[in-house]
Amino acid sequence: ISCLNSGEKSCLQTHASYFKGTPHLNQCSPHILLRSDTNWKYRSQLLLSACLSCDGCLTEEESLKISQQSLQEVERVLALNKKCDVSKHKVLVASICPQSLPFFAVKFGLDVTEAAHKLCGFLKSLGVQYVFDTTLAAGFSILESQKEFIQRYRRRHHDTHAMPMFTSSCPGWIRYSERVLGSLVTPHICTARSPQQIMGCLVKDYFSKQQKLSPEKVYHVLVAPCFDKKLEAVREEFYNSLLETRDVDCVLTSGEIYCLMEQRKVSVEGPDSVPLDHVLGEAGDVALVRHEGRGSEGFLEHIFKHAAKELFGLDVHEITYKNLRNRDFQEVTLERDGETLLQFAAVYGFRNIQTLVHRMRKGRVPYQLVEVLSCPGGCLSGRGQAESEAGGRVDKALVQQMEEAYSSLPVRLPEVNPALHTLYQDWLQGQDSSQASALLHTQYRNQTQSHTQPPHMQW
């Protein structure tokens, strides 16, 4: 941790001391920082690559909200549906992140599409009425990020916060930025909502209206590879106090769903293969596709190619990554006649993020955009699905298999997705409307707190 400043060390130390022997561990992200060995010599080891939500732990209110993001809560809603009058039923909707599907493909020994159909069949056997893929929502997030990057680039000479722009899809990174880094970083974060939260708007606003349902009648479950997504779902700005409903009611990790399948002794032959549903209500199977990038939503690649065309009239078909420190700290450049036009970076994992922050404090960040993800290896390596059975470490063999499965899906650019164009018009009243701004964007704010170092901690 030599690269951390004193405030960040104190922050991590406070977080570590809170969890020592505390019964609240399971109410928070189960991957947070501490290993579960009984020997304190090992329990005090920080897994710096595992989590960025390190602000001296969660508030009591956050702990309570996250404790409700569980299988037990979903089962409670399902049980109430069986007991209460039909008029009081909740319509259960599940949305699955594309990075979760390769996990089930590997576990089932199927290709990604077949695994998605089996997972859909299992969820519907529980009582879930609709199952969606969140790739459509990710398309919105990418397009809005592209647009914002162009705007920031064009005002870079008179706005000191315009560049670099940091991506905003990773909740661990966002929380760390707001709670620890503060004004150094938050003005640089792209305001586009993450795919998860745009999916929440799609379900609770657009889809519920199509089904003639009030949003509070819909219970929205999202399946994700990452525990920190639970923390994102309970953010204040994603709660409608008037209707008392959240855009995403409950986040379950891929591992939690798989655990439920094991508890119910569900084999791969068990669930029926059921096609995923269309948000637009169209008939027929959903063709599973992915966005560019090796294991995440590919914000860097999409924005890079868009900016090259929009700003410089250059068509970029293939992107060449240059490893700097390691595979999780890479750089991409656009050059013309020996001049560097664009310089982007992909920075994954806590240690690499610390290097980035250190350089930013010294004014040595040459990048116009940085794709930041808290998990080394990106979203496929999320601790909600990639942790080994022994715990505390990423199962590298599993991640490699998931990367191969994910890369087998065809790439589809959001710019050419007709469903997105339809929704921009029918749902949002245009790409530059106030409705689009309200539902597809959010703001990030400084929430930095002072931390004191517990006297018994040794570093």
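**Close-ups of two open sheets**

Eight of the 10 residues of strand 10 are buried (under 20% relative accessible area, with over 50% called exposed and anything in between partly exposed, using a 1.4 Å probe and protein chains only), so strand 10 is largely enclosed by the rest of the structure. The model is a predicted one, in which local features need pLDDT of at least 70, side-chain atom pairs count only at pLDDT 80 or more, and totals for chains, interfaces and linings use all residues. Residues are numbered from 1 along each chain as its sequence is written, and side-chain values use heavy atoms, leaving out hydrogens and water.

**View 1. The five-stranded sheet.** Here is an open sheet with its strands in the order 3-11-10-9-8 and mixed pairing. Strands are DSSP runs of E with at least two residues, helices are runs of H or I with at least four, and both are numbered from the N terminus. Two strands count as paired if DSSP finds at least two bridges between them. At the edges sit strand 3 (165-166) and strand 8 (322-326), each pairing on one side only.

**View 2. The hairpin of strands 9 and 10.** Eight bridges hook up strand 9 (residues 329-336) with strand 10 (residues 339-348) in the antiparallel sense. Look for E335 opposite T340 in strand 10, and for V332 with its bridge partner F344. Two residues lie between the strands of this hairpin, and D337 takes a positive phi near 55 degrees.

**View 3. From strand 10 over a helix to strand 11.** Strand 10 also pairs with strand 11 (residues 369-373), this time in the parallel sense over five bridges. One pair to spot is A345 and its bridge partner V370 in strand 11. Together with helix 13 (residues 350-361), the two strands make a right-handed β-α-β unit: with the strands pointing away from the viewer, the path from the first strand over the helix to the second runs clockwise.

**View 4. The four-stranded sheet.** This open sheet has the order 2-1-4-7 and parallel pairing. Its edge strands, strand 2 (130-133) and strand 7 (250-253), each pair on one side only. From one strand to the next, the twist averages 25 degrees; axes are lines fitted to C-alpha atoms, for helices over the stretch in contact, and angles run from 0 to 180 degrees between N-to-C directions.

**View 5. Strand 4 and a helix on the sheet.** Strand 4 (residues 218-224) runs parallel to strand 7, joined by four bridges, and A224 stands opposite T253 in strand 7. Helix 9 (residues 195-210) packs on the sheet, touching (heavy atoms within 4.5 Å) strand 1 (91-96), strand 2, strand 4 and strand 7. The direction of helix 9 makes about 155 degrees with that of strand 4.
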